[in-house]
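Subject: Handing over a structure, with notes

Dear colleague,

I am passing on the structure below, and I would be glad if you could look through it before reading my notes.

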Amino acid sequence: MCLEALGVVKVATPEQIRQLMCPGTKDAATVRGGLKDLEAERLVVSPGTATRVNEAGVRVTEKLWTLTPAGLDAAAVVLDRPAKEMGGTAKAAAASGAKHARKVTETLAAFLQTPPEPTQPVARASTLIPAQAPAADAPPAPPRPPGLGPLSAWTTEAALPVGGTFTSPARGSVRADLVFAAPGHPQVPLLFAEVDNGTEGPPILADKIDRYRKFFARKVTTGSRETLLWRTVWPHNPRVSGRVSGRGCASAVFGC
């Protein structure tokens, strides 16, 4: 779970990984244990921390975790993606607190709406420690709306070149904070999302939308025919539309 989550979002706290992968667990202890195991194998590292306010209003400081280069390769196997498409480790972002990256992860969790699976205490076999009694039935979790998943259909920081190539985009290109690509999805086979911490005004967001339009309009020649560049990557999506929304945390969403 930890490799899959970090393979997509690149940097996250244990609580964010819990929200993405296993929101039915009581707390992030399971995730922290998994990260410690991966750290021992030199697949993940914690180069920074982040502070948040929990539901009780208490400030909590948590480690930020990201993948090592070896961890990127391992995550590529878990996600069944080519290693060259995994991007970087985001170690520098984690070292500086990763404010924007954490907002992107929170936005992804809201899109996913991962169903919480109920858990039960593990009975202890030792005769020195009494076995735990079955937990009383917990109240049912509030229903969640259908999410956009699975997680493996998402990528982050995807280059959308208005010039140059996907690996070497020209100046003026844009990077989508989130991309959802699921050609078989009946409503949203393709979606791009921009997430802002409330620091970018309308002119900057409008400029980003204009750069998206330039990307969507860019054509290339393949063989003897001209085609839209974006269709060479996402070929099965017949239309493009855009919308800007958000209050406090601004977002631009483009669905195809």
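What follows describes the nonpolar core, then one helix, then a pocket.

This is a predicted model, in which local features need pLDDT of at least 70 and side-chain atom pairs count only at pLDDT 80 or more, while totals for chains, interfaces and linings use all residues. Residues are numbered from 1 along each chain as its sequence is written, and side-chain values use heavy atoms, with hydrogens and water left out.

The largest nonpolar core (buried Ala, Val, Leu, Ile, Met, Phe, Trp, Tyr and Cys residues joined through side-chain atoms within 4.5 Å, where buried means under 20% relative accessible area with a 1.4 Å probe, protein chains only) has 37 residues, and those touching the most other members are Leu 6, Ile 17, Leu 20, Leu 35, Leu 108 and Trp 154. Among the elements that each supply at least two residues of this core are helix 1 (2-9), helix 4 (69-79) and strand 3 (59-67), helices being DSSP runs of H or I with at least four residues and strands runs of E with at least two, numbered from the N terminus. Helix 1 gives the most to this core, with 6 residues.

In helix 4, the buried residues are Gly 71, Leu 72, Ala 75, Ala 76 and Leu 79. They lie on the same side of helix 4 because they cover an arc of only 145° around the axis, the arc being that of the directions from the helix axis to the C-beta atoms. These buried residues of helix 4 pack against helix 1 and strand 3, with contact taken as heavy atoms within 4.5 Å.

The lining of the largest pocket divides into 23 nonpolar, 12 polar and 7 charged residues; Ala, Val, Leu, Ile, Met, Phe, Trp, Tyr, Cys and Pro count as nonpolar, Asp, Glu, Lys and Arg as charged, and the others, Gly among them, as polar. A pocket here is an open set of points on a 1 Å grid over the protein atoms alone, where a 1.4 Å probe fits, with protein on both sides within 12 Å along at least five of seven lines, and lining residues have an atom within 4 Å of a point.

With best regards

How values were computed. Buried means under 20% relative accessible area, exposed over 50%, partly exposed in between (1.4 Å probe, protein chains only).
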